[in-house]
Amino acid sequence: MHERATPRLYLQLALVSAIWGGTFIAGRMLAGGLPPLLAASLRFSIASLTLLAFLAATRTPLVRPSRRQALHLLLLGLCGIFSYNLCFFYGLQQVSAARASLIVALNPAMIALASAALLKETLPPLKLAGVALCLAGAAWVIVGKNGDSLAAAHGWSGDLLILGCVASWVAYSVGSRGLSLSLGPLQTVTWSILLGTAMLWSATWALGAADFAAVARLRPAQWGGLLYLGALGSALAYIWYYDGIKRIGPTRSGAFIALNPLTAVLLGAALLGERLTPGMLAGGALAIAGIALCNLGGGPVWRKPASLPSRQT
């Protein structure tokens with residue numbers, strides 16, 4: 001079973017991709033200014049405060065999950081917050097934002113395969129073709145931006161760390177479906193971020209990475225990047241993304257991740273004066289076509305699980 005997507009939902013998921021495209025630029029700006037663990041901890045502290053403030057402003061109580069739901073939320077926090085962001089910040093110290101965004105563009109295909117294997121989501125040929133187009137478009141965008149970056153010699157460690165982002169995000173996306181249905185996207189995101197933030201700070205203190213003198217030395221642009229990562233790239237974007245997963249499933253929502261490299265290039269052109277090329281525009285058109293195929297392909301795209309954990313208040 002699946003819900004019929006609305007233009008508003010598609011716009012929402014496109015904005016999520018635009019926001020996440022900017023996180024590569026913001027993360028790269030912070031890479032030399034803060035220890036990766038501290039940067040991740042501060043990012044999600046801002047996200048946690050943003051979410052709690054939103055709950056308070058809307059008078060929405062933070063629900064108490066059942067034991068089973070709490071364990072599920074812990075796993076989501078471990079994968080989607082703790083593991084992903086360690087790989088993200090450590091990886092961006094070693095590879096360019098463009099290369100990282102290309103590797104992360106593997107997410108749609110990996111989410112589609114994991115959803116088919118674990119969640120029984122159907123993948124008709126048209127939808128598989130859409131995934132292929134998403135990946136081709138993402139690759140074309142990066143090659144069009146800087147073809148030399150793909151041919152340059154890179155150490156394997158940075159690439160493997162960014163691949164860790166892919167694995168973490170696939171687990172987070174596929175594993176969130178049941179909780180998004182039972183607790184709702186806002187509650188699921190808030191709990192997973194709160195728990196993941198606690199894990200990040202525990203590791204930061206345990207490994208002696210709490211260098212607050214480095215925080216004091218941050219430039220205004222770096223503070224802006226940190227606020228962007230926390231309030232927009234984490235709190236708002238995670239809620240919208242989870243809402244998409246709840247309504248149309250992981251594969252169709254995850255297809256929008258293919259736009260991340262395109263939006264990163266467009267933001268680079270707007271904010272950093274980088275040059276747009278016909279190849280980058282063509283790659284963006286391919287990614288958009290792939291998203292259309294993923295979302296407009298015939299046949300059911302989601303089989304509702306037989307049972308879901310009940311919501312606990």
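Is Leu293 buried, partly exposed or exposed? Leu293 counts as partly exposed, because its relative accessibility is 24%, and the cut-off for buried is under 20%. Please keep in mind that this is a predicted model.

Let me stay with Leu293 for a moment. This leucine sits in helix H15, which covers residues 278–296. Leaving out its neighbours within four places in sequence, Leu293 is in contact with Leu126, Lys127, Ala129, Gly130 and Leu133. As for Pro125, its C-alpha atom is 9.9 Å from that of Leu293, and the two residues are 168 apart along the chain.

Now to the interior. The largest nonpolar core has 76 residues. Those with the most contacts inside that core are Trp20, Leu34, Trp169, Ile193, Leu200, Tyr238 and Tyr241. I will follow Trp169 and Tyr238 from here.

First, the aromatic rings. A pair of rings is described by how far apart the centres are and by the angle of the planes. In the whole structure, a search finds 17 aromatic pairs. Take Trp169 and Tyr172: their ring centres are 5.0 Å apart and the planes stand at 50°, so this pair is tilted. Both residues belong to helix H8, residues 156–175, and because they are three residues apart there, about one helical turn separates them. Trp169 and Tyr172 are both buried; for Tyr172 the relative accessibility is 0%.

Tyr172 also pairs with Tyr238, and that pair is tilted too, with 5.8 Å centre to centre and 55° between the planes. What does this second pair tie together? Tyr172 lies in helix H8 and Tyr238 in helix H12, residues 220–248, so the pair joins parts that are 66 residues apart in sequence.

Tyr238 itself is buried, at a relative accessible area of 2%. Setting aside residues up to four places away in sequence, Tyr238 touches Trp20, Phe44, Gly80, Ile81, Asn85, Trp169, Tyr172, Val189, Ile193 and Gly233. Some of these names return in a cluster linked by ring pairs: Trp20, Phe24, Phe44, Tyr84, Phe88, Phe89, Trp169, Tyr172, Tyr238, Tyr241 and Tyr242.

Next, the empty space. Rolling a probe the size of a water molecule over the atoms shows where such space is left. How many cavities of 30 Å³ or more does a search of the whole structure find? The search finds two.

The largest cavity holds about 140 Å³ of space. Its lining consists of Trp20, Thr23, Phe24, Arg43, Tyr84, Phe88, Val104, Asn107, Trp169, Tyr238, Ile257 and Asn260. So Trp169 and Tyr238, which we met in the tilted pairs, are also among the lining residues. By class, the lining has eight nonpolar residues, three polar and one charged. Helix H1, residues 7–30, and helix H3, residues 67–91, each supply at least two of the lining residues. H1 gives the largest share, three residues.

The second largest cavity has a volume of about 30 Å³. Leu30, Ala31, Leu34, Pro35, Pro36, Ala39, Phe89 and Gln93 line that cavity. Seven of these lining residues are nonpolar, one is polar and none is charged. Leu34 was named earlier among the residues with the most contacts inside the core, and Phe89 belongs to the ring cluster.

To close, back to Tyr238. This tyrosine is buried, has a ring pair with Tyr172, and lines the largest cavity. That is what I have.

Definitions and conventions: Residues are numbered from 1 along each chain as its sequence is written. This is a predicted model: local features need pLDDT of at least 70, side-chain atom pairs count only at pLDDT 80 or more; totals for chains, interfaces and linings use all residues. Side-chain values use heavy atoms; hydrogens and water are left out. On a 1 Å grid over the protein atoms alone, a cavity is a set of points where a 1.4 Å probe fits but cannot get out, and a pocket is an open set with protein on both sides within 12 Å along at least five of seven lines; lining residues have an atom within 4 Å of a point. Grid points are joined across faces, edges and corners, and a volume is the space filled by probe spheres set on the points. Helices (H or I, at least four residues) and strands (E, at least two) are DSSP runs, numbered from the N terminus. Ala, Val, Leu, Ile, Met, Phe, Trp, Tyr, Cys and Pro count as nonpolar, Asp, Glu, Lys and Arg as charged, and the others, Gly among them, as polar. Buried means under 20% relative accessible area, exposed over 50%, partly exposed in between (1.4 Å probe, protein chains only). Contact means heavy atoms within 4.5 Å. A nonpolar core is a set of buried Ala, Val, Leu, Ile, Met, Phe, Trp, Tyr and Cys residues joined through side-chain atoms within 4.5 Å. Rings of Phe, Tyr and Trp (its six-membered ring) pair if their centres lie within 6.5 Å; planes under 30 degrees apart count as stacked, over 60 as edge-to-face and the rest as tilted.
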